[in-house]
Amino acid sequence: MRTSRTRDRSRIGLAPALLGLLLASAGATGETTYRWVDPNTGGTVISDMPPPPGARNVSRYTTSGSSADERPLPYSVRQASEKFPVVLYVDERCGTYCQEARELLKQRGVPFTEKILRSEEEAAELTRLLGREAALPSVSVGRQYLRGFDAAGWNSLLDAAGYPGRASRPAATRGP
């Protein structure tokens with residue numbers, strides 16, 4: 001029979017393990033997670049490893065690590081992203097236009113999901129969503145879609161959704 005003293009020791013031994021786990025997860029740096037449909041099993045896979053060739057419905061999520069200097073998203077960005085989530089549609093051959101699209105979203109501080117189109121079925125689905133032939137990169141902001149990269153059009157759509165014009169960064173403090 002276990003005594004209360006034995007139970008207390010086991011709880012005390014568990015505390016450092018839990019603390020270590022919390023510290024390890026809090027100190028993690030930026031990380032990319034992939035989600036795709038496995039072509040062999042048809043099951044959804046979520047992994048930190050890139051998907052194999054032939055995977056369908058591939059999405060890539062990038063998170064930044066938390067640090068003492070990092071602040072949570074500004075209220076206006078959180079509100080906009082809850083009501084109007086942003087998805088960037090790209091493929092691996094997209095090139096400079098996709099890079100410019102990513103940079104525009106990052107400069108504005110817009111949290112987004114990047115969907116990498118790897119199959120004809122995925123491209124056909126985007127074409128259906130757009131209402132005409134897909135052009136990459138494309139973006140969805142809530143239920144609104146724009147095909148091809150046009151900075152003015154993308155900015156207008158983001159403005160209408162309530163995203164701030166520029167990323168809110170804390171001002172640097174100056175010494176005397």
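Helices, of at least four residues, and strands, of at least two, are DSSP runs numbered from the N terminus. In this predicted model, Gly131 comes just after helix H4 and takes a positive phi of about 85 degrees.

**Overall plan**

The secondary structure of the protein comes to five helices and seven strands, and along the sequence these elements follow the pattern α-β-β-β-α-β-α-β-α-β-β-α. Of the 176 residues, 28% count as buried. Among the contacts with a separation of 6 or more, 59% are accounted for by residues 24 or more positions apart.

**The nonpolar cores**

The largest nonpolar core has 22 residues, and those with the most contacts inside it are Val86, Leu105, Val141, Trp154, Leu158 and Tyr163. Several elements each supply at least two residues of this core, as the table sets out.

| Element | Residues |
|---|---|
| Strand S1 | 31–37 |
| Strand S4 | 86–90 |
| Helix H3 | 96–107 |
| Strand S6 | 138–141 |
| Helix H5 | 151–161 |

Apart from this core lies another, of five residues, among them Val87, Tyr89, Leu126 and Leu130. Returning to the largest core, which residues does Val141 touch, not counting residues up to four places away in sequence? Val141 touches Phe84, Pro85 and Val86, and also Leu157, Leu158, Ala161 and Tyr163.

**Helix H4 and its two sides**

Helix H4 covers residues 120–130, and its buried residues are Glu122, Leu126 and Leu130. Seen down the axis of H4, these buried residues fall within an arc of 75 degrees, so they line one face of the helix. The face of H4 turned away from that buried side carries the exposed residues Glu120, Glu121 and Arg128. Two of the buried residues, Leu126 and Leu130, are also among the members of the five-residue core.

**The second largest pocket**

About 260 Å³ of space lies in the second largest pocket. Its lining is formed by Asp91, Glu92, Arg93, Leu117, Arg118, Ser119, Glu120, Ala123, Ala134 and Leu136, and by class this lining has four nonpolar, one polar and five charged residues. Glu120 therefore appears both in the lining of this pocket and, as an exposed residue, on the face of H4 turned away from its buried side.

**A residue of helix H5**

Ala160 is found in helix H5. Is Ala160 buried or exposed? Because exposed means over 50% relative accessible area, Ala160, at 67% relative accessibility, counts as exposed. The C-alpha atoms of Ala160 and Ala80 are separated by 9.7 Å, while the two residues lie 80 residues apart along the chain.

Notes:
Residues are numbered from 1 along each chain as its sequence is written. This is a predicted model: local features need pLDDT of at least 70, side-chain atom pairs count only at pLDDT 80 or more; totals for chains, interfaces and linings use all residues. Side-chain values use heavy atoms; hydrogens and water are left out. On a 1 Å grid over the protein atoms alone, a cavity is a set of points where a 1.4 Å probe fits but cannot get out, and a pocket is an open set with protein on both sides within 12 Å along at least five of seven lines; lining residues have an atom within 4 Å of a point. Grid points are joined across faces, edges and corners, and a volume is the space filled by probe spheres set on the points. Ala, Val, Leu, Ile, Met, Phe, Trp, Tyr, Cys and Pro count as nonpolar, Asp, Glu, Lys and Arg as charged, and the others, Gly among them, as polar. Buried means under 20% relative accessible area, exposed over 50%, partly exposed in between (1.4 Å probe, protein chains only). The arc is that of the directions from the helix axis to the C-beta atoms. A nonpolar core is a set of buried Ala, Val, Leu, Ile, Met, Phe, Trp, Tyr and Cys residues joined through side-chain atoms within 4.5 Å. Contact means heavy atoms within 4.5 Å.
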